[in-house]
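Let's take a friendly walk through this model together. Please keep the sequence and the 3D view open beside the text.

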Amino acid sequence: MAERSTDIFKARSILDSGGIVAIPTETVYGLAGNALNEDAIISIYKAKNRPSFDPLIAHVSSIKQVESITNDIPEIAYKLAEKFWPGPLTMLLTKADHVPDILTSGLPRVAVRMPNHPLTLQLLESIDYPLAAPSANPFGYVSPTSADHVNDQMGDIIDLILDGGKTKIGVESTIVSFESEKIIVNRIGGLSIEKLEEFGPVSMNINQSSNPSAPGMLKSHYAPGKKVIIGNIDSLLDVYKERVGVLSFQKKYQNLPNQVLSSSGNLDEAANKLFSALRLLDKEDIDIIVTEKFPETGLGRAINDRLGRAAANN
Ligand code: TXA
Ligand code: MG
C-alpha cells in the first residue's frame, strides 16, 4: 500500500532525491519523476514495465520552462498554450540537447504539457525541473482516474500517491505536433478536435498499427483484461448470451453487469466515467464486454479511440 497524501512537500522531497510519486492531473493520474534525471526516468519505465521505445511527457508549470527544454517553438504552439494551458493538451516540440534521450526514447522531439490540477501545479511550481509522467498504470492497461485506481495496481511499487481526488476529464491529453504552423493530432484525447480547429486546419496522424513507428499508440493500448466487442449492443446480446457485461452510452441494461456512461447523453460525462467503468466491468465474473460506437464529436472521438484499442486486444 502506498501512502496517500496531499502534502506536496513530502512529494517534493521524494522527487528531489530522484524518486517517483503518483500525481493527480485533470486527465488521468501520472507516475512522476524528475524529467532531467536519467535514473528517475529509468525508475518510471521499470515501475510501469514500459518498453523503452515509448517516450514520456514532460509536465511543466510555465512557458519559460518549456523554452528551457525545447528549441524553435512555432508561433502556433504559443497560441495553443495561451488558450488551453493549463489543460489536456500535449505538444511535441524540438528537444533541447540537455534533455535526456531516454525521456524521448531517442526521438528529436519532447512532449510537453501543463496539467490543470491545483496540487500538481503547486508541486511543479515548487521545483525547478519538469516532471516526466506517463499515466500511472502498468503498461498496456487502462489509465487511472483516481488514487484508488493507482493504489490497486501500483501501490506495492511506489511509496506516495499525491491524492487529488477523481480526475475531472478522465481521458488522457490530446497530443499534437506541428508542421511549420499546421496542427497535427497524434493522439485524440481530452481536448476536442473542434476546439483545435478554431486555430486552423487540423490533420490527423493517429497511429493504428500494432508496431508503430510513432511509439505509444500501440493498437492494443488501454486494454482491460476482458474481450471487448463493439457494435449494436442489442444485436450483440443476441449472440453473446453468457458471461457478458455491457458498457453502454445512455441505455440501462437490466440483469447483467452494466455500466452506463451518461444516461443524459453527455459525452464529457461519458469520457469521465470510461476508465473506471472498464475497471469495474473487469472485476465482474464475465468474459466479454459488449459496447457501442459513440458519436464522433467532442470527447466521443477519444472514447471511440480508447474502446477501439481495447477491442484490438482481443
Ligand atoms: O493526459 C496525459 O497525457 C497523461 C497525464 C499523466 O499527463 N499522461 C499520459 O502519458 O497519458 P503516457 O505516457 O501514458 O502517454 C504519452 C504518450 C505516449 O503514447 C507516447 O508515445 C507519446 O505520448 N509521446 C511522448 N513523448 C513523445 C515524443 N517525444 N514523440 C512522440 N510521441 C511521444
Ligand atoms: Mg499511458
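The report below covers the ligand site, then a pocket, a cavity and a few single residues.

**The ligand site**

Please keep in mind that this is a predicted model. We can begin with ligand 1, which has 24 residues around it. The closest of these are Thr27, Asp54, His59, Arg109 and Ser173.

If you colour that shell by residue class, you will find 12 nonpolar, six polar and six charged residues. Which strand gives the most to the shell around ligand 1? The answer is strand 7, with four residues. Strand 7 covers residues 109-113, and strand 4, covering 57-59, also supplies at least two residues of the shell.

Three side chains are worth picking out in your viewer. In each case, the distance runs from an oxygen atom of ligand 1 to an N or O atom in the side chain named here.

| Side chain | Distance to an oxygen atom of ligand 1 |
|---|---|
| Arg50 | 2.9 Å |
| His59 | 2.6 Å |
| Ser135 | 2.9 Å |

How much of ligand 1 does the protein bury? Taken alone, ligand 1 exposes 680 Å², and the protein buries 95% of that. His59 appears twice in this picture, being among the closest residues of the shell and having a side-chain N or O atom 2.6 Å from an oxygen atom of ligand 1.

**The second largest pocket**

Next comes the second largest pocket, which holds about 260 Å³ of space. Its lining consists of 14 residues, and Ile169, Gly190, Lys195, Asp268 and Leu299 lie nearest the centre. By class, the lining has six nonpolar, four polar and four charged residues.

Lys195, one of the residues nearest the centre of this pocket, deserves a second look. You will find Lys195 in helix 7, which spans residues 193-197. Is Lys195 buried or partly exposed? Its relative accessibility is 45%, so Lys195 counts as partly exposed. Lys195 also shows how the chain brings distant parts of the sequence into one region: Gly298 is 103 residues away in sequence, while the C-alpha atoms of the two are 8.6 Å apart in space.

**The cavity**

Now for the enclosed space. A search of the whole structure turns up one cavity of 30 Å³ or more. The volume of the largest cavity is about 50 Å³. Ile63, Val66, Ile73, Ala77, Tyr78, Ala81, Trp85, Met91 and Leu93 form its lining. Two or more of the lining residues come from each of helix 3 (63-69), helix 4 (75-84) and strand 6 (89-95). Helix 4 gives the most, with three residues. What classes of residue line the largest cavity? The lining has nine nonpolar residues, no polar and no charged ones.

**Two buried residues**

Ser177 sits in strand 10, which runs over residues 174-179. With a relative accessibility of 3%, Ser177 counts as buried, because the cut-off for buried is under 20%. The side chain of Ser177 is joined to that of Asn186 by a polar contact of 2.8 Å.

Ala96 lies in the loop between strand 6 and strand 7. Its relative accessible area is 7%, so Ala96 is buried. For a sense of distance across the model, Ala96 and Ile14 are 82 residues apart in sequence and 26 Å apart in space, C-alpha to C-alpha.

Terms used. Residues numbered from 1 in each chain as written. Chains lettered and ligands numbered in written order. Predicted model: local features only at pLDDT ≥ 70, side-chain atom pairs only at ≥ 80, totals over all residues. Heavy atoms only, no water. Near = heavy atom within 4 Å. Polar contact = N/O pair within 3.5 Å; in protein donor to acceptor, adjacent residues only side chain to side chain. Areas by Shrake-Rupley, 256 points an atom, 1.4 Å probe, with all protein chains shown as cover. Nonpolar A, V, L, I, M, F, W, Y, C, P; charged D, E, K, R; others polar. 1 Å grid on protein atoms, 1.4 Å probe; cavity = no way out; pocket = protein on both sides within 12 Å on 5 of 7 lines; lining within 4 Å. Points joined across faces, edges and corners; volume = space filled by probe spheres on them. Buried < 20%, exposed > 50% of the residue type's maximum accessible area, 1.4 Å probe, protein only.
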